[in-house]
Amino acid sequence: MNPLFDLSGKVAIVTGGNGGIGLGMAQGLADAGATVVIAGRNESKNQNAVNAILQKGGKASAVVVDVQQQAECEQMVQRSLQAHGRIDVLVNNAGMNIRKPPQAYALAEWNQVLQTNLTSAFVCSQAVYPVFEHQGAGKIINIGSMMSLFGASFATPYAASKGGLVQMTKAMACAWAAQHIQVNAILPGWIDTDLTRQARIDVDGLHQRVLDRTPAKRWGMPDDFAGIAVFLASPASDFITGAAIAVDGGYSVQG
Ligand SMILES: NC(=O)c1ccc[n+]([C@@H]2O[C@H](COP(=O)([O-])OP(=O)(O)OC[C@H]3O[C@@H](n4cnc5c(N)ncnc54)[C@H](OP(=O)(O)O)[C@@H]3O)[C@@H](O)[C@H]2O)c1
């Protein structure tokens, strides 16, 4: 394997790694040699993801975590460290959406989306920082969205959380670059997962609008995230920090 992309001996935590985009990234990281920690709420989904990676010859374990809980995020980091002796990569991928017009949200719904998508990434990054500092290097990959760039009438807290993630990425990148910690974001376009299967039910005409606007003329698949995850986790990206990279089949550049 090209050493630029070799993750042998590295340990990567992927929150929400038990399905969808998270599993696509986890499988890619494992294929490049990393030991992957699948961190999600649903224990049987976690175990299925671990089994899928093991069956393909990769190395993986699971931790049950609700990323809305600060203490559980801290335990996730400690358990990963105890199990594997080091942590090199944190992928803040866990996320959710509640789709409504802005005037219809209860404050608890706003808080739930912000807590799950944005605050959790802050808390997990804070929890892993001492490990990275001690080891002398680390990689954080935050999963934004097209809603980091654009608005949508049905996604006010989601857009706020994903826009905030990009700014948090830049701020942490500036703060931690001298410790050789790179912090970057991936901005997925429209990807075929459980999250968007529900969106296609909730939002009239969404499926065709996505096809019409995406130059690649297809929805993305979880596998489309394997390559970018390996790149941002590997030495190939050591001088890239604070970036937000769209993986969207051209959706965000279509005029
Ligand atoms: N699909 C798209 O088109 C798209 C586009 C842009 C951005 N994204 C982002 O990509 C990320 C992954 O989404 P996806 O499309 O792959 O959706 P998904 O299939 O619904 O996966 C979401 C993942 O997040 C986990 N999760 C949710 N809340 C959690 C919590 N409180 N604690 C721990 N884990 C939690 C889920 O695990 P459990 O089931 O165990 O809770 C699940 O693994 C999200 O951040 C999403 O916003 C997706």
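Ala49 lies in helix 2, which covers residues 43-55 of this predicted model. With 24 C-beta neighbours inside 10 Å, Ala49 counts as buried, because 20 or more are needed for that label. Leaving aside residues up to four places away in sequence, Ala49 touches Gly17, Asn18, Gly19, Leu23, Ala26 and Ile38. For a sense of scale, take Gly255: Ala49 and Gly255 are 206 residues apart in sequence and 38 Å apart in space, C-alpha to C-alpha.

Now to the ligand. Which residues come nearest to it? Of the 30 residues around the ligand, these are Gly16, Gly20, Gly40, Gly95 and Thr193. Helix 1 (20-31), helix 4 (107-135) and helix 6 (194-202) are the elements that give two or more residues to this shell. By character, the shell divides into ten nonpolar, 16 polar and four charged residues.

Helix 4 deserves a visit of its own. Its 29 residues reach 40 Å from the first C-alpha to the last, close to the 42 Å expected at 1.5 Å a residue. Where does helix 4 bend? The bend, of about 45°, is at Gln115. The buried residues of helix 4 include Val113, Thr116, Asn117, Leu118 and Phe132. Among the elements covering the buried residues of helix 4 are strand 1 (11-15), helix 3 (70-84), strand 4 (89-92), strand 5 (138-143), helix 5 (156-176) and strand 6. Just after helix 4, Gly136 takes a positive phi of about 90°.

Strand 5 is a good next stop. Six of the six residues of strand 5 are buried, so the strand is largely enclosed by the rest of the structure. In a regular strand, side chains alternate between the two faces of the sheet. Here both faces are covered: on one side Gly138, Ile140 and Asn142 are buried, and on the other Lys139, Ile141 and Ile143 are buried too. Strand 4 and strand 5 run parallel and are joined by four bridges. Asn92 stands opposite Asn142 in strand 5.

Another residue to look up is Leu187, in strand 6 (residues 181-188). Is Leu187 buried or exposed? With 22 C-beta neighbours inside 10 Å, Leu187 counts as buried, because the label asks for 20 or more. Not counting residues up to four places away in sequence, the contacts of Leu187 include Gly144, Ser145, Met146, Ala244, Ile245 and Asp248. Lys162 is 25 residues from Leu187 in sequence, and the two are 9.0 Å apart in space, C-alpha to C-alpha.

Two loop residues round off the tour. Most residues other than glycine have a negative phi. His180 has a positive phi although it is not a glycine, and Lys217 likewise has a positive phi without being a glycine. The table puts their details side by side.

| Residue | Phi | Loop | C-beta neighbours within 10 Å | Class |
|---|---|---|---|---|
| His180 | about 60° | between helix 5 and strand 6 | 15 | partly exposed |
| Lys217 | about 60° | between helix 7 (206-213) and helix 8 (226-233) | 11 | exposed |

Why does Lys217 count as exposed? Lys217 has 11 other C-beta atoms within 10 Å, and 12 or fewer make a residue exposed. His180, with 15 such neighbours, counts as partly exposed because that number falls between the limits for exposed and buried.

How values were computed. Residues numbered from 1 in each chain as written. Predicted model: local features only at pLDDT ≥ 70, side-chain atom pairs only at ≥ 80, totals over all residues. Near = placed C-beta within 6 Å. Nonpolar A, V, L, I, M, F, W, Y, C, P; charged D, E, K, R; others polar. Contact = placed C-beta atoms within 7 Å. Expected span 1.5 Å × (residues − 1). Bend = angle between axes of the 7 residues up to and from the residue. Pairing = 2+ DSSP bridges.
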